[in-house]
Amino acid sequence: MKLTKNFSISEFESKDGSIMPKNILENIGKLAKQLQILRNYTDLPITINSGYRSEEHNKLIGGSPRSQHVLGKAADIVIKGMTPKETCALIEFLIDNEILNIKGLGNYDTFTHIDIRDEKARW
């Protein structure tokens, strides 16, 4: 099922095969819209390494009990041809210019975490 021009629900599904609850799907839809804005701006493919995580899968991989992934509000992404540091800088620029509505932003060695939580968070 397509969520936006470039993103489908399958890219966000929990890696353990758990069924995504309907209330989570609503959050995933909002997140996908933000990712589509980023995709349109960069004109580069975006890979979603992790989207929704069932509580069981989140525990299994050592995720935070308060993870935004469990709520369907987070994605760990890679933009083709960009480092995570470059991706974070671009996202911060787009947030500052009110192009993106991303609140959580994390810079890791191999990916960038984004989420649509209610308050600003950076790491």
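**Exercise 1.** Which residues does Lys73 touch, not counting residues up to four places away in sequence?

*Solution.* Begin by placing the residue in this predicted model: Lys73 sits in the loop between helix H2 (55-60) and S2. Next, list its contacts, leaving out residues up to four places away in sequence, which gives Asn27, Leu31, Gln68, Ile114, Asp115, Ile116 and Asp118. Finally, consider charge: Lys73 is buried and yet has no salt bridge, the nearest side chain of opposite charge being that of Asp118, at 4.3 Å. A salt bridge requires a side-chain nitrogen of Lys or Arg within 4 Å of a carboxyl oxygen of Asp or Glu, and the distance of 4.3 Å to Asp118 therefore does not meet that cut-off.

**Exercise 2.** Describe the largest nonpolar core, and then examine the contacts of Leu38, one of its residues.

*Solution.* The first step is to note that the largest nonpolar core has 27 residues, and that those with the most contacts inside it are Phe12, Leu35, Leu38, Ile77, Ile91 and Ile114. The second step is to ask where the core comes from: two or more residues are given by each of helix H1 (22-42), strand S1 (46-50), strand S2 (74-79) and helix H3 (84-96), and H1 supplies the largest share, six residues. The third step turns to Leu38, which, when residues up to four places away in sequence are not counted, touches Ile46, Ile77, Ile79, Leu90, Ile91, Leu94 and Leu100. As a general background, nonpolar side chains in soluble globular proteins tend to be buried together.

**Exercise 3.** Find the nonpolar patch on the surface that includes Phe93, and decide whether Phe93 is buried, partly exposed or exposed.

*Solution.* The patch is formed by Tyr41, Phe93 and Ile99, which together have about 280 Å² of accessible area. Phe93 itself belongs to helix H3. Its relative accessibility is 42%, and because partly exposed covers the range between under 20% and over 50%, Phe93 counts as partly exposed.

**Exercise 4.** Examine the backbone angle phi at Asp43 and at Glu98, and state where each residue lies.

*Solution.* Start from the general expectation that most residues other than glycine have a negative phi. Asp43, which is not glycine, has a positive phi near 55°; it is placed in the loop between H1 and S1, and it is exposed, with a relative accessible area of 61%. Glu98, likewise not a glycine, has a positive phi of about 55°; this residue is found in the loop between H3 and strand S3 (104-107), and it is exposed at 75% relative accessible area.

Technical notes
Residues are numbered from 1 along each chain as its sequence is written. This is a predicted model: local features need pLDDT of at least 70, side-chain atom pairs count only at pLDDT 80 or more; totals for chains, interfaces and linings use all residues. Side-chain values use heavy atoms; hydrogens and water are left out. A nonpolar core is a set of buried Ala, Val, Leu, Ile, Met, Phe, Trp, Tyr and Cys residues joined through side-chain atoms within 4.5 Å. Buried means under 20% relative accessible area, exposed over 50%, partly exposed in between (1.4 Å probe, protein chains only). Helices (H or I, at least four residues) and strands (E, at least two) are DSSP runs, numbered from the N terminus. Contact means heavy atoms within 4.5 Å. Patches are made of residues with over 30% relative accessible area and no salt bridge: like charges are joined within 9 Å, nonpolar side chains (Val, Leu, Ile, Met, Phe, Trp, Tyr) within 5 Å. Accessible areas come from the Shrake-Rupley method with a 1.4 Å probe; for residues, only the protein chains shown count as cover. Lys and Arg count as positive and Asp and Glu as negative; His and the chain ends are not counted.
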